[in-house]
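Me: Before I rely on the labels attached to this protein, I would like to see the reasoning behind them. Could you take me through it?

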Amino acid sequence: MFHTTSQSLISANALRCYECSPTDSCKDPFNNNGVSTTSCYTSCSKTKGESSGQQVITRGCGSGSDNKCDETTVLGVKVKICQCDTDLCNGVIPVRGSFIALAASVFVFLIFL
């Protein structure tokens, strides 16, 4: 007989994401040595802003399921929030392969115009 618990279902579907705050080794370029990971349900996130001339970056769980970045203003500070849905993807938010192929095609087209 097959038996599962809700805990095992959550564990099976969880993403592993880096988790750090501005006081940790969260800066760009990112070095994951000593950075902890956490289990997240829908996505991983990276939030980046600048306050008083200092770069402020956090990494952790996201709230959406789309692979995208959005910019917003929080308390007068411009913040970029990126979300992704693969394990440890918030170390570096990847550029999708299809975008690279499209950019390469446009570049080749422009050369031969």
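The turns below set values from this predicted model against the cut-offs behind the labels.

Me: Why is the contact between K46 and D28 called a salt bridge?

Reply: A salt bridge requires a side-chain nitrogen of Lys or Arg within 4 Å of a carboxyl oxygen of Asp or Glu, and the closest N and O atoms of K46 and D28 are 2.7 Å apart, so the pair qualifies. K46 belongs to strand β3 (residues 43-51), whereas D28 sits in the loop between β1 (15-19) and β2 (36-40), 18 residues apart.

Me: What makes K46 buried or exposed?

Reply: Buried means under 20% relative accessible area, and K46, at 12%, therefore counts as buried. D28, with a relative accessible area of 25%, is partly exposed, because that label covers values between 20% and 50%.

Me: How do you know that K48 and D28 form a salt bridge?

Reply: Their N to O distance is 3.3 Å, and the limit is 4 Å, so this pair also meets the definition. K48 itself is partly exposed, at 32% relative accessible area.

Me: What makes R59 a partner of D28, and is R59 buried or exposed?

Reply: The closest N and O atoms of R59 and D28 are 3.0 Å apart, which is within 4 Å and therefore a salt bridge. The pair links R59 in strand β4 (residues 54-62) with D28 in the loop between β1 and β2, 31 residues apart. R59 has a relative accessible area of 4%, so it is buried.

Me: Why are D28, K46, K48 and R59 called one network?

Reply: Their salt bridges share partners, and this joins the four residues into one network.

Note on methods:
Residues are numbered from 1 along each chain as its sequence is written. This is a predicted model: local features need pLDDT of at least 70, side-chain atom pairs count only at pLDDT 80 or more; totals for chains, interfaces and linings use all residues. Side-chain values use heavy atoms; hydrogens and water are left out. Helices (H or I, at least four residues) and strands (E, at least two) are DSSP runs, numbered from the N terminus. Buried means under 20% relative accessible area, exposed over 50%, partly exposed in between (1.4 Å probe, protein chains only).
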